[in-house]
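Hi everyone, thanks for coming. I'd like to walk you through one protein model today, starting with the whole chain and then zooming in on a few places.

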Amino acid sequence: MAGFAVCADCAREYHDPDNRRFHAEPISCPACGPRLSLRNSAGRMLDGDPVREAAALLAAGAVIAIKGLGGYHLAAAAEHATAVAALRGRKHREDKPFAVMMPTLAAAHALAVRAGDLLLLNKIDLLPHLQFDLQRCLEYVRRVNPRLRVVPISAQRGDGLETWYMWLRARMTAPATRADMR
Ligand SMILES: [Zn+2]
């Protein structure tokens with residue numbers, strides 16, 4: 001990290017044995033640390049707040065590469081069909097699922113339950129050992145999506161596996177509908 005100059009405040013903390021950031025190599029702060037920037041595909045830096053501008057570009061259908069410590073995340077707005085198609089084309093992932101980012105866990109649950117047709121309740125063998133109110137869970141789920149079919153799955157006894165298999169089989173042979181494409 002020697003190549004990254006730190007500000008006087010960070011340097012003082014780095015050299016202070018009583019400071020929790022003593023000899024913490026990646027030490028930095030908003031004054032001397034990494035900066036966000038937004039660049040176009042030619043590498044030219046774009047004006048404006050990088051996060052706001054990136055959000056606006058995503059909303060307009062752009063595919064954005066977000067550089068982090070571990071490499072790049074390629075991002076597109078999931079509701080933007082042409083952007084997702086462009087991303088799939090570039091990644092050669094025509095049918096493999098992408099990770100979807102949601103603002104909150106509650107939003108993710110609501111979307112998954114609302115848009116889904118089948119809920120697999122996996123590992124029900126563990127229920128006696130958990131503080132999990134199955135009836136209340138199903139009540140909440142049906143409030144969000146009354147037509148959702150629930151199949152409890154037991155890996156030990158095999159409960160539900162045949163039902164699940166039949167459901168999959170029916171999907172594979174039936175012609176695709178709009179609901180199937182979701
Ligand atoms: Zn600093």
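I'll go from the overall layout to a hairpin, a helix and one loop residue. Please keep in mind that this is a predicted model.

Let's start with the domains. The domain assignment splits the protein into domain 1 (1-34), domain 2 (37-101) and domain 3 (102-182). If you take the centres over C-alpha atoms, domain 2 and domain 3 sit 31 Å apart.

Next, the secondary structure. The protein has seven helices and four strands, and going along the sequence you read α-α-β-β-α-α-β-α-β-α-α. The radius of gyration is 24 Å, while the globule rule gives 16 Å for 182 residues, so the protein is more spread out than a compact globule. For a feel of the dimensions, the C-alpha trace spans about 65 × 45 × 30 Å along its principal axes.

How much of the protein counts as buried? Of its 182 residues, 2% do. As for contacts, take those between residues at least 6 apart in sequence: 33% of them join residues at least 24 apart.

Now to the hairpin. Strand β1 covers residues 64-68 and runs antiparallel to β2, with five bridges joining the two. The hairpin gets from β1 to β2 through two residues. Have a look at Gly68, which stands opposite Gly71 in β2. And is β2 itself covered or in the open? Strand β2, residues 71-75, has five residues and the number buried is zero, so this strand lies largely in the open.

Moving along the chain, we come to helix α3, residues 81-91. This helix is hardly covered either: among its 11 residues, the count of buried ones is one. Right after α3 comes His92, and for those of you who like backbone torsions, its phi is positive, near 55°.

My last stop is Phe132, found in the loop between β3 (118-121) and α5 (134-144). Why does Phe132 count as exposed? Because it has 11 C-beta neighbours inside 10 Å, and the cut-off for exposed is 12 or fewer. Still, Phe132 does have partners: setting aside neighbours within four places in sequence, it is in contact with Leu127 and Cys137.

To pull that together, we have a predicted model with three assigned domains, namely domain 1, domain 2 and domain 3, and with 2% of its residues buried. That's my tour, and I'm happy to take questions.

How values were computed: Residues are numbered from 1 along each chain as its sequence is written. This is a predicted model: local features need pLDDT of at least 70, side-chain atom pairs count only at pLDDT 80 or more; totals for chains, interfaces and linings use all residues. Domain bounds come from an automatic or database domain assignment. The radius of gyration is taken over C-alpha atoms; the globule rule is 2.2 Å times the number of residues to the power 0.38. A residue is buried if 20 or more other C-beta atoms lie within 10 Å of its own, exposed if 12 or fewer, and partly exposed in between; C-beta atoms are placed from the backbone. Two residues are in contact if their C-beta atoms, placed from the backbone, lie within 7 Å. Two strands pair if DSSP finds at least two bridges between them.
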